Amino acid sequence: MGSIFSSKITDDYPDMDFEDACDIQWEIRRRKEARGTRIVGLKMGLTSWAKMKQMGVDKACYGFLADYFSCPEGGEIDTSKLIHPKIEAEIAFVLKKPLRGPGCHIGDVLAATDFILPAVEIIDSRYKDFKFDITSVQADNSSSSRFVTGGKMVLPQDVDMRTLGVVLEKNGEIVDVAAGAAVLGHPAASVAMLANMLAERGEEIPANTFIMTGGVTAAVLVQPGDSINVRYQALGSISVRFV
Ligand code: OOG
Ligand code: MG
């Protein structure tokens, strides 16, 4: 019987580079949209040292969020549709203006931000044990699988996102803590990096886009029966259960 896992795409195509991986991701996106799937946001990945160290990668990746990735706050996530999910605590932005690189910086991002809010991402991977390189993960839409948002929206000028504390609990126990600065020194730097990466393909981040900036801590494996609660300083909390 075949394995449910794929081999790392760069094992099969060793000459592939990051740009080829972007082509693959954009083609997956195009095919989903052609079948009627709506794109409801974007994400950055591998933007914190904790995540880079966990995955053995030293460069960031991005991905798109499809409509069916969105799960309700306080709800249940059906693991039977997933392979080996992990959760990540993230800070998300909603823009009121488009952002276009190159040269996009934190100032541009803050000026274009409508509000920030908390998010929990559920990542999953076709690669066994999440063993990949940056090219393979970019081609796999950066392990995007599900996400939950909710909590409290806050204006960017009303919070210091660098010192914004995050407490991650699984089944009532604290499993990790971090602050916003874990993400590239400032979560807005992650949005700027996304605009600059998209600019390499002549793309921009459209107005009103929801953007997850990347896990502030290492990702945490979850199983059916697990409850996750993440407390965000100034942004409320998000909880979700896995069944
Ligand atoms: C890649 C996706 C990483 C994040 O927030 O760092 C990511 C992975 O670790 O599988 O979404
Ligand atoms: Mg993530």
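Begin by selecting strands β8 and β12 (residues 227-232) in this predicted model. The two strands pair in the antiparallel sense, and 5 bridges connect them. Within this pairing, display glutamate 169 together with asparagine 229, its bridge partner in β12.

**The neighbours of β8 and β12**

Next, keep β8 (residues 165-170) in view and add β9. These strands run antiparallel and are joined by 6 bridges. For a reference point in β9, select alanine 178, which stands opposite valine 166.

Return to β12 and add strand β13 (residues 236-242). Here also the strands run antiparallel, with 6 bridges between them. Isoleucine 228 has valine 240 as its bridge partner in β13.

Now move to the hairpin of β12 and β13, where 3 residues lie between the strands. Select alanine 234 in this hairpin; its phi is positive, near 70 degrees.

**The sheet as a whole**

Select β4, β13, β12, β8 and β9 together, in that order across the sheet. These 5 strands form an open sheet whose pairing is mixed. At its edges are β4 (76-77) and β9 (173-179), each of which pairs on one side only. In general, the strands of a sheet pair through backbone hydrogen bonds, in either a parallel or an antiparallel arrangement.

**Ligand 1 and its contacts**

Turn now to ligand 1, which sits in the largest cavity. Three polar contacts merit individual display.

- Leucine 46: a polar backbone atom of this residue is 2.7 Å from an oxygen atom of ligand 1.
- Glycine 215: a polar backbone atom of this residue is 2.8 Å from an oxygen atom of ligand 1.
- Glutamate 90: an N or O atom in the side chain is 2.9 Å from an oxygen atom of ligand 1.

With these contacts on screen, consider how much of the ligand surface the protein buries. Taken alone, ligand 1 exposes 320 Å², and the protein buries 100% of that area.

**The shell around the ligand**

Expand the selection to the 17 residues that surround ligand 1. The closest are Lys43, Leu46, Lys51, Glu88 and Ser143. Colouring the shell by class shows 7 nonpolar, 5 polar and 5 charged residues.

Finally, which elements each supply at least two residues of this shell? Select β1 (39-45), α3 (49-55), β5 (86-95) and β6 (113-123) to display them. Of the contributors, β1 gives the most to the shell, with 3 residues.

Key
Residues are numbered from 1 along each chain as its sequence is written. Chains are lettered from A and ligands numbered from 1 in the order in which they are written. This is a predicted model: local features need pLDDT of at least 70, side-chain atom pairs count only at pLDDT 80 or more; totals for chains, interfaces and linings use all residues. Side-chain values use heavy atoms; hydrogens and water are left out. A residue is near a molecule or strand if one of its heavy atoms lies within 4 Å of it. A polar contact is a pair of N or O atoms within 3.5 Å; within protein, one must be able to donate a hydrogen and the other to accept it, and residues adjacent in sequence count only if both atoms are side-chain atoms. Accessible areas come from the Shrake-Rupley method with a 1.4 Å probe; for residues, only the protein chains shown count as cover. On a 1 Å grid over the protein atoms alone, a cavity is a set of points where a 1.4 Å probe fits but cannot get out, and a pocket is an open set with protein on both sides within 12 Å along at least five of seven lines; lining residues have an atom within 4 Å of a point. A molecule sits in a cavity or pocket if more than half of its atoms lie within 2 Å of its grid points. Helices (H or I, at least four residues) and strands (E, at least two) are DSSP runs, numbered from the N terminus. Ala, Val, Leu, Ile, Met, Phe, Trp, Tyr, Cys and Pro count as nonpolar, Asp, Glu, Lys and Arg as charged, and the others, Gly among them, as polar. Two strands pair if DSSP finds at least two bridges between them.
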